[in-house]
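Reader: Please take a close look at one helix in this model and the parts around it. I would like a connected account rather than a list.

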Amino acid sequence: MAPRTRRALTALLFAFAFLRIASAQSTLEPSLVKLLHDIKAADRDQLAVSEEDGRFLRVMAASGGAKRALEIGSASGYSAIWIGLGLRQTGGHLTTIEYDPARARAAADNIRRAGLADVITVLPGDAFKEVPRLAGAFDFVFLDAWKRDYKRFFDMVVPRLAPRGLLLAHNVVNKQAEMRSFLDAIQNNPSLFTTIVTPSGEGMSVSYKLQSTLHK
Ligand SMILES: C[S@@+](CC[C@H](N)C(=O)[O-])C[C@H]1O[C@@H](n2cnc3c(N)ncnc32)[C@H](O)[C@@H]1O
């Protein structure tokens, strides 16, 4: 291929990639795009979900009409911000729990900078202690804490999940070996419909709570 043709093709590919990114981000304010980018860049332990998983959480929160959302494992607030953007559409509220004090502070700061302080509350502490202290039912729960604890979180939150509510969990593909009993529970519990999707390679389970177990 002639060098000129190769240069033209390379320029075309860059333009195409730029347009795809621009169109994927077109619904977000540039300052929010930068904030999300900065949170990821500072995330040395790679705790945050991928951008695609974040977009997926936003759509699930908005399309399910979530009003009362819970996240277990905030880290620096990246996924909470995506869920909060979905809740902006529904008038809902997210409580996100993080037991590392420095991360909880970073999450609260990032959420404030995202303009979502009225939509998201960061609750510092251990979710096993904090969730029982929260009143009422949840209609959207996102699990993203340590994977070995997922089954215990399942036992704690499923009874608190409203009928038609959603339970989502992260890393169900790339860390499935660490959460066998959880995967078994979401697939076999008679009150849930479950599917596993891969917006990015890590995998997200989505479980829908039935109104009754009769029609499963
Ligand atoms: C994978 S990171 C969460 C990433 C975050 N969801 C995001 O995408 O931006 C898991 C977090 O869960 C927190 N964590 C683990 N067990 C917890 C518990 N029992 N209660 C509260 N936080 C917990 C850890 O400190 C860590 O910050």
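Author: What follows starts with helix α2 and moves outward to its surroundings. The model is a predicted one. Its protein chain holds 8 helices and 7 strands, and 38% of the 216 residues in that chain are buried. Among the contacts in the protein chain with a separation of 6 or more, 71% join residues 24 or more positions apart.

Helix α2 covers residues 30–42, which makes 13 residues. From first C-alpha to last it reaches 18 Å, close to the 18 Å expected at 1.5 Å a residue. Three residues of α2 are listed as buried: L35, L36 and I39. Seen down the axis of α2, the buried residues fall within an arc of 95°, so they line one face of the helix. The other side of α2 carries P30, K34, H37 and A41, which are exposed. The cover over the buried residues of α2 includes α4 (78–90) and α5 (101–113).

Helix α4 leads on to the core. The largest nonpolar core has 56 residues, and those with the most contacts inside it are A69, I81, I83 and I111. The largest share of this core, 7 residues, comes from α4. One of the residues with the most contacts there, I111, touches G77, A80, I81, G84, L116, A117, I120 and V122, leaving aside residues up to four places away in sequence.

The ligand comes next. There are 21 residues around the ligand, and G73, A75, Y78, S79 and A145 come nearest. The elements that give two or more residues to this shell are α4, β2 (93–98) and α6 (127–130). By type, the shell around the ligand divides into 12 nonpolar, 4 polar and 5 charged residues. Helix α4 thus has a place in three settings: it is part of what covers the buried residues of α2, it gives the largest share of the largest nonpolar core, and it contributes to the shell around the ligand.

Back at α2, the chain runs on through a loop to α3, and D43 lies in that loop. D43 counts as partly exposed because it has 14 C-beta neighbours inside 10 Å. D43 touches A48 and S76, not counting residues up to four places away in sequence. The C-alpha atoms of D43 and S76 are separated by 8.0 Å, although the two are 33 residues apart along the chain.

Helix α3 (residues 51–63) also has 13 residues, which should span 18 Å at 1.5 Å a residue; the end C-alpha atoms of α3 are 18 Å apart, which agrees. Buried in α3 are D53, G54, R55, F56, L57, R58, M60 and A61. These buried residues pack against β1 (68–72), α4, β4 (138–143), β5 (161–170) and β7 (204–209), so α4 is a partner of α3 as well. After α3 comes G65, with a positive phi near 65°.

A second loop residue is E178, found between β5 and α8 (180–188). E178 is partly exposed, with 13 other C-beta atoms within 10 Å. Leaving aside residues up to four places away in sequence, E178 touches K147 and R148. The C-alpha atoms of E178 and R148 are 5.5 Å apart, and the two residues are 30 residues apart along the chain.

Notes
Residues numbered from 1 in each chain as written. Predicted model: local features only at pLDDT ≥ 70, side-chain atom pairs only at ≥ 80, totals over all residues. Helix = DSSP H or I, 4+ residues; strand = E, 2+ residues; numbered from the N terminus. Expected span 1.5 Å × (residues − 1). Buried ≥ 20, exposed ≤ 12 C-beta atoms within 10 Å, placed from the backbone. Arc of directions from axis to C-beta. Contact = placed C-beta atoms within 7 Å. Near = placed C-beta within 6 Å. Nonpolar A, V, L, I, M, F, W, Y, C, P; charged D, E, K, R; others polar. Core = buried A, V, L, I, M, F, W, Y, C linked by C-beta atoms within 7 Å.
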